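Open the model in your viewer and keep the selection box ready. The tour goes from one selection to the next, with a short note at each stop.

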Amino acid sequence: MIAQSSVQQVLDRAEIIEIVGQFVRLKKRGSNYIANCPFHNEKTPSFSVSASKGIYKCFGCGKGGNVVTFIQDHEKLTYPEAIRWLADFYKIELEETERSPEQKQQQLVEESLRVLNEYAAGFFEHSLRTEEGMAIGMSYFKQRGFSPQTLEKFRLGYSPEAGDAFFREAVAKGYNPELMEKSGLVKLRNGSHYDAYRGRVIFPIQGMTGRVLGFGARILKSNDKAPKYVNSPENELYSKSRVLYGMFQSRQAIGKLDECFLVEGYTDVISMHQGGVENVVASSGTSLTEDQLRLIGQLTKNLTILYDGDNAGIKAALRGLDMALSQSFNVQLVLLPEGDDPDSFVQRMGAERFHEYVKAGKQDVISFRLEIGMREAGADPVRKSKLVNEVAESISRINKAEDFALQEHYIKQAARRLDVEEAGFINLVNKYIRDRLDQEQRSRRNREEREETPELPSVETSGPEPLQQVVVNPHERQEWELVRVLIEYGHMPYEGFPGVADYIMDRIDPALIETSLALKIFEDYYAYRKAFQAPPGLDYFTNHEESAVQHKVTSLVHTGLEISPNWKVSYGIETVHGDMNYMNDVNSVCSYFELKKLKYIQVEILSRLKGEQDPDRLMTLLRMQVEMKQKEAEILRHMGTVIWKQ
Ligand SMILES: [Zn+2]
């Protein structure tokens, strides 16, 4: 971890005008600077930078923050990575805080592998330009139509056929043979070392920041025994499930166009770039993992898969799609014309026609699955019933409130196509949702020994199933506002309580926090307080072991721009807000959660009222309904606010 003093040094030194000026052309306008926004496409500048305040803000797309968030956003880095980037820029040496011996060892190996890989990538690039490289490697790339700029952009290379050319040079440069074996660049056989990728063309696999994490190597001569592609083995630096080929070269286009194409191979990515389609990554034939989705999710939620009819790799990727659905990805598929792969297709069509084709040919993942499944099932009733279940399961993954209309659309469509009754199909979808909620709850309970949190009060033990899963609240913002208020003001006094954190705990039911990261930070806060008898400082979170936590808390607290507790927009409510005092913030967010809870209860009451025949129970429900309405009105009156938007 980077020592807090070093972080401060970087923050003190970094000039926002200087840093932003590295990436965009700034023009002085009054006391500020303006430019065309680097985060969205525009022709007239709406991006403004204030040197005195040290912040930037785009009035077009809303992006804003300080010098660190700018680097994070623009270069797609985590908070510590951005600090390192800035330290590098200003030649500031960072002091690292104490690590455990294991961490130190891991870091050391990682760093050594990184240096070795960088050296190797240079060696292979150079070898491509030798006589042998030109004759063999270069002619292959030329045949694929790759331009010199493309070769450079992707750092393509060649490993000479002589058995140990790389090994000998690396040893002469002082690299350790054992490390070379670990990296997979070199292998040991009968006591002697040889180059693992000899006679192959080389595709360096770069991480988000451009570091060479590993290599893919393609054979050129036909050889029955040798595999066409070989890859770096898993090691401290390279993990197949955590990288996507092309991420470094594509990250900015993905963010800007708000869409990511997924293809199978290295050459697909490279050809598409050369053809002018730069928002593309390759999964390299594995099914999409959670880590890979997280990488993409930092940039966009729109994932479009390009596949050709008989592409085994894409079929593998398809298996990861349920996960993508549950992470609110909008997943689309595009079938390429017969006989084409993304590589040949874009070369033939060019970028513009490619985009047109994709736009017209997009199919959502559920319809796709339906179509394939129906074709395969034919008239077989067993296979068809299996398909019904599979599709219901997939649809059940779409259960965030903002995707609700989409889920409904899918249900209608699937029920019609599968020729089943819609009501029954909805029940089936709901069953999968419930199963998963149960399972999540169970594993959460198993995972943590935590104090019992009060459940939402249940009106009756019998009656229809609770509707909680379908009234999930979209207002994630408020959950982040809660986290921000807790971290910023948790230690401050609050009348009648030891402090703000105690007050919050008293008023808010953590079960209402739906965003898992927000809940994690929330619980972390109290766990820390309990363990150390003192509230965690901001630096505890900004240097948190999980980069997701660091990143989020930094953007929440440092800029205060990411979340705006503007209820008018997010909830149809107006409220007093500003920098007047923290009590307002605390109260405002607590009230929100109380209202949210009341909403849940009311929805449940309503759903029960509909089916209730028994007059006594009906009266109880009606009484409760009135009571909840009164409570709600009271909170709203207390806040001096307006109306609920339905
Ligand atoms: Zn913008």
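Two strands count as paired here if DSSP finds at least two bridges between them. Keep that in mind for the sheets below. Note too that this is a predicted model.

**The whole chain**

Start with everything shown as a cartoon. The protein has 27 helices and 16 strands. Of its 646 residues, 36% are buried. Now consider contacts between residues at least 6 apart in sequence: 65% of them join residues at least 24 apart.

**Stop 1: the four-stranded sheet**

Select S6, S9, S10 and S11. They form an open sheet of 4 strands in the order S6-S9-S10-S11, and the pairing is antiparallel. Strand S6 (157-158) and strand S11 (229-231) are the edge strands, each pairing on one side only.

Narrow the selection to residues 200-206 and 212-219. These are strands S9 and S10, an antiparallel pair with 7 bridges. Which residue of S10 stands opposite Ile205? Look for Gly214.

**Stop 2: the five-stranded sheet**

Move to S1 through S5. This is another open sheet, with 5 strands in the order S1-S2-S3-S4-S5 and antiparallel pairing. Strand S1 (27-29) and strand S5 (64-66) each have a single partner strand, so one side of each is left without a neighbour in the sheet. Neighbouring strands in this sheet are turned by 25° against each other on average, direction ignored.

As background for both sheets: strands of a sheet pair through backbone hydrogen bonds, either parallel or antiparallel.

Zoom in on S3 and show its side chains. They alternate along the strand. Phe47 and Val49 point to one face and are buried. Ser48 and Ser50 point to the other face and are not buried.

Now check the partners of S3. On one pairing, S2 and S3 run antiparallel over 4 bridges. Pick Asn32 and you will find Ser50 of S3 opposite. Pick Ala35 and its opposite in S3 is Phe47. S3 is also joined by 4 bridges to strand S4 (residues 55-58), again antiparallel. Here Ser50 has Ile55 of S4 as its bridge partner.

Follow the chain from S3 into S4. The two strands form a hairpin with 4 residues between them. Stop at Gly54 in the turn, where phi is positive, about 70°.

**Stop 3: the loop at Asn41**

Select Asn41. This residue sits in the loop between strand S2 (32-35) and strand S3 (47-50). Is Asn41 buried or exposed? Asn41 counts as exposed because there are 11 C-beta neighbours inside 10 Å, and the cut-off for exposed is 12 or fewer. Add Gly60 and draw a distance between the C-alpha atoms: 9.4 Å, for residues 19 apart along the chain.

**Stop 4: helices H3 and H4**

Select H3 (residues 67-75). H3 lies across S4 and S5 and runs at about 120° to S5. Then add H4 (residues 79-89). The axes of H3 and H4 come within 9 Å and cross at roughly 105°. That makes H3 roughly perpendicular to H4.

Show the side chains at the contact. From H3 come Val68, Ile71, Gln72 and Glu75. They meet Tyr79, Ala82, Ile83, Trp85 and Leu86 of H4. By class, this contact has 7 nonpolar, 1 polar and 1 charged residues.

**Stop 5: helix H12 and its two sides**

Jump to H12 (residues 290-297). Its buried residues are Gln292, Leu293, Leu295 and Ile296. They cover an arc of only 155° around the axis, which puts them on the same side of H12. Turn to the other side, where Asp291 and Arg294 are exposed.

What do the buried residues of H12 pack against? Select helix H10 (247-257), S12, S14 and helix H14 (321-326) to see these partners.

**Stop 6: strand S14 and its parallel partners**

Finish at S14 (residues 302-307). This strand is mostly covered, with 5 of its 6 residues buried. Add strand S12 (residues 260-263): S12 and S14 pair in the parallel sense over 3 bridges. Cys260 stands opposite Leu303 in S14.

Then add strand S15 (residues 330-335). S14 and S15 are parallel too, with 6 bridges. For the last pick, choose Tyr307; its bridge partner in S15 is Leu335.

Note on methods
Residues numbered from 1 in each chain as written. Predicted model: local features only at pLDDT ≥ 70, side-chain atom pairs only at ≥ 80, totals over all residues. Buried ≥ 20, exposed ≤ 12 C-beta atoms within 10 Å, placed from the backbone. Axes fitted to C-alpha atoms, helices over the stretch in contact; angles between N-to-C directions. Parallel < 35°, antiparallel > 145°, perpendicular 65-115°, else oblique. Contact = placed C-beta atoms within 7 Å. Nonpolar A, V, L, I, M, F, W, Y, C, P; charged D, E, K, R; others polar. Arc of directions from axis to C-beta.
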